[in-house]
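Let's take a walk through this fold, one piece at a time. Keep the viewer open and follow along as the elements come up.

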Amino acid sequence: MITPSFKLDQNEEYLFVNIRAPYANLNEVDLFVENNDLRFYCKPYYLRLNLPANILENDDSGTYDFDNKEFKFKFQKENKGEIFQGLDLLTKLLTPISKPQTNLIEEIQNDENKPEEDEEEGDVWYIEQHVPNDEIKLSNVKYGFAQTKSNIFSKLSNEYTLIVDNPDPDNLSTEKRRELRLENENEKFDQDHYLADLFDDSEMINESLLKFEPVWDQDEFNQDEIDCLKNLPKKTFLLDKEQKLYAFLGLVDILYAYCYNLRTNLGESNVESGWTIAKLSSTLSWLDEFKSLEECVVASFRRSLCFPLFRNWKLSKSCFKDLIDLMKQDIKVIIKVLLEIRKIFIDTDCRYIFNDLYINDYIIWLQYVNKKKLESLTKCLQEIKITKDMLDLDLECIELAGRLALEDPDGSESDDLEEDVQRGNNFDCDLEDDVKKLVINDQDKSKRPLIEELN
C-alpha cells in the first residue's frame with residue numbers, strides 16, 4: 001500500500017483533510033472514523049492518522065477534486081472551538097499508539113494532555129553528569145541519538161574514517177573520545193589563522209558575515225519535506241532522564257554548526273556545507289556526548305575557531321546569537337532546519353550515515369517534545385556567557401602578542417612575548433595584572449595603559 005500525501009487544516013468547528021491520490025480507484029473508497037482515529041483506504045492508497053483530538057464521522061463530508069487529484073474531507077470536531085495542536089507534524093500523526101516492542105525504542109502511550117514526567121527546572125542544563133571511572137565493556141559503548149546506538153561502525157567499510165574524526169567509534173569510551181577530541185582541537189588550532197581573521201579589515205567578515213541577519217523559514221512544509229516526514233519510521237522514544245539530556249545537548253551542538261554554516265554562506269548552502277556542519281559538531285564528528293550545557297557551547301566555540309575557513313571570535317558569538325534565535329522559533333521551524341541538514345548530508349559523499357545515527361531520530365523525536373522543555377533550554381542558553389579564557393586556547397595572550405607585533409613591526413619588543421606564547425603552558429599571561437603595566441607611545445596623546453588603548 002502507498003501512503004498518500006496529505007494536508008490538514010482547521011477552523012473552530014471543522015477539521016479539513018486533503019489527501020492527494022492521483023491513481024485512486026474511485027469505486028473503492030473506504031473511510032473510518034472513531035474518536036481520534038481516522039482511516040482512509042482507496043486502492044492503492046492507505047492512510048491512518050492519530051489525530052490530536054476527537055472528530056465526528058460525517059457520511060457527506062467527502063468530495064474528489066479531479067483537477068488537483070485530491071480527496072477533500074470535512075469533519076466536525078467533537079468539541080467545538082477546540083484547537084488541534086501539531087497538525088503539521090506529519091510523522092507524529094502517522095504513528096499509531098501501540099505497545100512497545102522493546103523498552104528502548106517505543107512507548108505505550110504519549111498523551112499530550114498529561115504532564116511529562118521528570119519535569120525539571122532550568123538548572124538541569126547546568127548539572128554535570130559524572131560517569132563512573134570503571135572500564136566500560138565494548139558492548140556498552142554507545143553513540144547516536146541520545147546514546148541509543150552501538151556496534152554500527154564495525155559493520156561498515158573504512159569509508160567512515162573520511163567523515164568521522166573518532167578513530168574507533170565502537171570501542172572508545174566517552175572519556176577517551178573527549179580526551180582525543182580536545183587533543184585534536186589543540187593540535188589543529190592555528191594562531192596565525194586566528195590572528196589573520198582577528199585583524200582582517202576586509203569587508204567579508206566585518207561588513208558581510210557579521211552584519212548578516214538570518215531569516216527562518218516560517219512557511220508550511222513543502223512537498224519534498226512532506227514526503228520526507230511521511231516516509232520516516234513511525235516510532236516514538238522512551239528515554240530516561242540522562243538520555244533526554246544527551247538528546248537536548250546534542251541538538252544544541254548540531255544546530256550551532258548549522259548556524260555557522262548559514263551565516264558564513266549568507267543564508268545559502270554550498271558543496272562544503274556538509275563538511276562544515278559535521279566538522280563543527282562534536283556530536284557528529286566525534287560521536288561525543290555532553291554533560292552540561294556550558295560544556296556543549298564551549299565545544300562549539302572551540303571548533304568554530306579551529307577548523308572552518310573563518311575563525312573569528314565575533315563571528316562565533318554571532319552564530320551563538322543565531323542559535324538562541326533559532327531555538328526561540330516554533331518547533332516546526334527547527335524541524336525544517338533538520339530536514340535541510342538531512343538533505344545536505346544525503347547530497348554529500350558518505351555523510352548520509354549521520355542521518356541514520358542522529359538526524360532522522362531528531363526529526364521524529366522533536367514532534368513529541370514538550371515545548372516548555374525547549375523554552376527552558378533556550379532560557380538557559382541566554383544566560384550562558386562564554387569568555388575567551390573558557391576555551392583554553394590562550395586567546396587573550398595570542399591577541400596581545402599580535403597587537404604588540406602590529407605596534408612594533410620590527411618585532412624587537414615583542415619577540416620574547418611571542419616565544420612565550422608559542423611555548424603554551426609555560427607562559428602565564430594575566431591581563432588584569434600584566435597588561436596594565438604595559439604602555440604605548442602615541443604622538444598625539446600622553447602615555448596611557450595598553451588595556452585602555454585597546455578598548
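Contact here means heavy atoms within 4.5 Å. Two bits of housekeeping go with that. This is a predicted model, in which local features need pLDDT of at least 70 and side-chain atom pairs count only at pLDDT 80 or more, while totals for chains, interfaces and linings use all residues. Residues are numbered from 1 along each chain as its sequence is written, and side-chain values use heavy atoms, with hydrogens and water left out.

First, the overall picture. The protein has 17 helices and ten strands; these are DSSP runs numbered from the N terminus, with H or I over at least four residues for a helix and E over at least two for a strand. Of the 455 residues, 48% are buried, where buried means under 20% relative accessible area, exposed over 50%, and partly exposed in between, using a 1.4 Å probe and protein chains only. If you take the contacts between residues at least 6 apart in sequence, 71% of them join residues at least 24 apart.

Now for the strands. An open sheet is formed by three strands in the order β3-β4-β5, with antiparallel pairing; two strands pair if DSSP finds at least two bridges between them. β3 (29-34) and β5 (45-50) are at the edges with a single partner strand each, so each has one side without a neighbour in the sheet. Ignoring direction, neighbouring strands in this sheet are turned by 5° against each other on average. β3 is joined to β4 (residues 37-42) by six bridges, and Val33 has Leu38 in β4 as its bridge partner.

Further along the chain sits a hairpin, made of β7 and β8 with four residues between them. Antiparallel again, β7 (residues 62-65) and β8 (residues 70-77) are joined by four bridges. Asp65 stands opposite Glu70 in β8, and in the turn, Lys69 has a positive phi of about 60°.

On to the helices. How do α7 and α11 pack? Helix α7 (residues 273-280) meets helix α11 (residues 331-346) at an angle of about 115°, and their axes are 9 Å apart. The axes are lines fitted to C-alpha atoms over the stretch in contact, and angles run from 0 to 180 degrees between N-to-C directions. The two helices are therefore roughly perpendicular to each other, a label that covers 65 to 115 degrees, with under 35 degrees roughly parallel, over 145 roughly antiparallel and the rest oblique. On the α7 side, Ser273, Gly274, Ile277 and Ala278 meet Ile341, Ile344 and Phe345 in α11. That contact of α7 with α11 splits into five nonpolar residues, two polar and no charged. Here Ala, Val, Leu, Ile, Met, Phe, Trp, Tyr, Cys and Pro count as nonpolar, Asp, Glu, Lys and Arg as charged, and the others, Gly among them, as polar.

A second helix pair is α6 (residues 241-264) with α12 (residues 353-366), packed at about 115° with axes 12 Å apart. Residues of α6 including Tyr246, Phe248 and Leu251 meet residues of α12, among them Ile359, Tyr362 and Trp365. The contact of α6 with α12 has nine nonpolar residues, one polar and no charged.

Which residues does Leu338 touch? Leu338 is in helix α11, and its 0% relative accessibility means it counts as buried. Leaving out residues up to four places away in sequence, Leu338 touches Leu251, Leu255, Ile359, Tyr362, Ile363 and Leu366. Leu338 and Tyr362 are 24 residues apart in sequence and 7.8 Å apart in space, C-alpha to C-alpha.
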